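Here are my notes on the structure you sent. They are set out as numbered points, to be read with the sequence and the model side by side.

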Amino acid sequence: MKRSAVALGLVGASVLVLACSGGADEPLPLPTEGSTFGQALEQLTGARWKADRAEAGSDVLYFSAGEGTAVLPHLERSPNEALALLAPFYQHLGVGPDLSREFGDGEVLAPPSDESVGIYRFAQHVPGTEIPVLDGDLSVAVTLDGKLAYVSTTHARGLERMKTTPALSGAEVKERATSAMPGGFRVTGEPVLGVVMPGKLDQPRLAYRVRLTSADDSVQIDVDANDGTTLRVRSLVTGAKAFSAAHYYDQDDLRYERAGAKTVYVTPSLTMETSGPTGNIVITGPTGKVVDCTPSADDATPMECDTGVPLGGAKGAAVDAQFNILAASKYFAAQLGHRRWSENVVRVSVNVTTLGDRQMAGDGFFRVGDNEVKQDQLFLGIGKTYEQLDPKAYAGKKTYAWYPVSTSLDFVAHEYAHGVVHSVTPLAFEGEAGAINEALSDIFAAHAEALTLGHGDSLFKFADDVRGDGRPLRDFRHPSRGADVGGAAHYSQRKPTVPEWLQVGDKRTCRKNDCGNVHYNSTIVSNAWSLLVTGGFNEHSGVGVLAEVGLSKATRLFWETLPGTMSNVEMKAFADKMISTQIKKWAEHPYATDLEPMWVKRAVVCAWNAVGVIPDTEVAWHGIGWTCPTSTTVTKTCKGKADGAYCNPDLNAPYDAYHCKNGALSYGTQCVSGTFCHRTSDSPSSPAVMEGSKVKCFSEPQDR
């Protein structure tokens, strides 16, 4: 059957999906009159585009599917080449035909590489003046091989018609701003004249931006430069920009970003405390003190937070920690309907060097509190740097042996997920229950990262952005490739699950064999999940899943199995509970309500059978009708088969059926996206169901 795309969904705006490589040899036509911006970009690039309207009313356009062609093929391109590429779109962009009159020279926010797009930013100003558009710019992302990845437009429209002489002076504006904010506020610095967009992007206003501070707060006010109307008041300490760790990396480092910054939420006293869907979030340093931030001298420069880090660490790690904790918190609330963490307050300690006997370079830890003094807490380790040659040979002289783990969204979400799991069912942290605990945290973190970033490039690789060499700590699809302790692909490969205790001072710890090899054995469970997500075959047994369940549903199957699970549950009991859940109710699906449950149940049984948790003798007992498919018995072949069409079991093939003639492959056909080929019997080698002379395509996977 066809491998359908993983439905990721979006969390927030400015999310992009990159186009696949490829394209025609002929040059693509320029946009035609009357087309939309998206249609014009499709004509230019040969790829399908989708628009996502952000909260501020900007359009973030990104590839959603299809293949594109390189439009800026030169590796040594300048940012202004990207701006020139968009010149024919000036009407769609709402600017004059000469884009350089409104946009300055491009700034490189991130250079393109094998792993990420290059991002070029163009600040906007009123044509013929130096008056800036205070919240407006145009950003263009281009892949290393020259494909256009996205265009983000937050610029003002119609500036050619704008009057640029203010009726009010700076001194008058100071008085207006002070009277608008009584209670001890005073103006800091001089008002800045610029263009703001308090309503729609095509209704720009000439305004002064004024900063005021008091003993408890700092605000930014936009005042109309002609009539003195207060257009917007924004607190600078509830959603301000702060430099993230990437800003402080060595300039030769792969992830160095000169302008690397993220939004942080702090108290009026500038400490890193905020609230999320699961409760208050407090970010502390390794000494237990709440991290504070230093305000910048001007609005354009981000704040600095958590600068006093231990030697060898990276500054800004606290900024990444809060950003990623909030993303994880929103994921559990929005996707799984869960609004509780282990305690009401999420306490996160960053830049930790050691925790007991545990070295915390490239490590993290969720600790369950045992009283009011010792409460539940997350500990995120420090990043270490040293001189070494870059293993990928394109970074420079330095690279990070360990990036701060707080910079990794799925690493932070994994530790956070431990607290969520504990709030639902306090699974043990040892033995098979510990392996399930680790796997569940990996699974939820992978789902959260895919949704938050808008793509699943690293869906089955855990924390591939922590090590300097880019190797994932765990690989769900190929467990032996995990850089941490490797991993078992099959239940028969599991390591001893009984903890070996070690005396450290006056305390006993089970870290001697990782509390029963919980991390190594966890990939048995996460591999089963990966087979449910996209289908495929276990690399040890060759058994697998043909009709994938999809990312969101597969994750929910594990989530729904968790409540009421015994704290010392073993993998077999956990799998049996998941299967029995599917007997009791109809399967859910984000795009249909009339699914038959049997195909989902079949996928669940075969996923657990593939990893050896459900033995072969019990597969038929679960009532799915036949043994689970294997990579050898369902390969695409015409040998020994009668002429006709057969459903293609190759999950990576671009078509759904293949046609045999005289024992050889003749050609392939494809169903419409989201539809499926069905076989005429239970046998994987049986012919496809036909409709006249064509393969019949069904709306759901086969219930066989």
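1. Which residue in β32 does C660 stand opposite? The model is a predicted one, and in it C660 stands opposite L665 of β32. The two strands concerned are β31, residues 657-661, and β32, residues 664-669, which pair in the antiparallel sense over five bridges. They form a hairpin with two residues between them. N662, in the turn, has a positive phi of about 55°.

2. The hairpin belongs to an open sheet of three strands, in the order β30-β31-β32, with antiparallel pairing. At the edges are β30 and β32, each of which pairs on one side only. From one strand to the next the twist averages 35°. As background, strands of a sheet pair through backbone hydrogen bonds, either parallel or antiparallel.

3. C660 also takes part in a disulfide, with C638 as its partner and an S to S distance of 2.0 Å. The link is left-handed, with -80° about the S-S bond. C638 lies in the loop between α12 (616-619) and β30 (644-647), while C660 is in strand β31, so the bond ties together parts that are 22 residues apart in sequence. Are these two cysteines buried or exposed? C638 has 6% relative accessibility and therefore counts as buried. C660 is buried as well, because its relative accessibility is 5%; the cut-off for buried is under 20%.

4. A disulfide also starts from the loop that follows β32: C671 and C697 are bonded, with their sulfur atoms 2.0 Å apart. The torsion about this S-S bond is about -85°, so the disulfide is left-handed. C671 sits in the loop between β32 and β33 (676-677) and C697 in strand β36 (residues 697-698), so that distant parts of the chain, 26 residues apart, are linked. C671 is buried, at a relative accessible area of 5%. C697 is partly exposed, because its relative accessible area is 33% and that class lies between 20% and 50%.

5. What is the handedness of the disulfide of C510 and C515? The sulfur atoms of C510 and C515 are 1.9 Å apart. The torsion about their S-S bond is about 65°, so this disulfide is right-handed. C510 is buried at 11% relative accessibility, and C515 is buried with a relative accessible area of 12%.

6. For the disulfides as a set, the structure holds six. With the bonded cysteines of the chain numbered in sequence order, the pairing reads 1-2, 3-4, 5-6, 7-9, 8-11, 10-12.

7. C515 falls within helix α8, residues 514-534. This helix packs with α9 (residues 551-561) at an angle of about 145°, and the axes are 8 Å apart. The crossing of α8 past α9 is right-handed. On the α8 side the contact is made by V525, W529, L532 and V533; on the α9 side by L551, A554, T555, L557 and F558. By class, eight residues of this contact are nonpolar, one is polar and none is charged.

8. Elsewhere in the chain, five strands form an open sheet of mixed pairing, in the order β13-β14-β17-β21-β20. The edge strands are β13 (273-276) and β20 (364-367), each pairing on one side only. Neighbouring strands are turned by 20° against each other on average, direction ignored.

9. Within this sheet, β14 (residues 279-284) and β17 (residues 345-352) run parallel and are joined by five bridges. Which residue is the bridge partner of N280 in β17? The partner is V345.

10. Which helices pack on the five-stranded sheet? Helix α5, residues 317-335, lies across β13, β14, β17 and β21 (377-381), and runs at about 15° to β13. Helix α6, residues 409-424, packs on the sheet and touches β17, β20 and β21. The direction of α6 makes about 15° with that of β20.

Notes
Residues are numbered from 1 along each chain as its sequence is written. This is a predicted model: local features need pLDDT of at least 70, side-chain atom pairs count only at pLDDT 80 or more; totals for chains, interfaces and linings use all residues. Side-chain values use heavy atoms; hydrogens and water are left out. Two strands pair if DSSP finds at least two bridges between them. Helices (H or I, at least four residues) and strands (E, at least two) are DSSP runs, numbered from the N terminus. Axes are lines fitted to C-alpha atoms, for helices over the stretch in contact, and angles run from 0 to 180 degrees between N-to-C directions. Contact means heavy atoms within 4.5 Å. A crossing is left-handed if the near helix is turned anticlockwise from the far one by less than a right angle, and right-handed if clockwise. Ala, Val, Leu, Ile, Met, Phe, Trp, Tyr, Cys and Pro count as nonpolar, Asp, Glu, Lys and Arg as charged, and the others, Gly among them, as polar. A disulfide is a pair of cysteine sulfur atoms within 2.5 Å. Buried means under 20% relative accessible area, exposed over 50%, partly exposed in between (1.4 Å probe, protein chains only).
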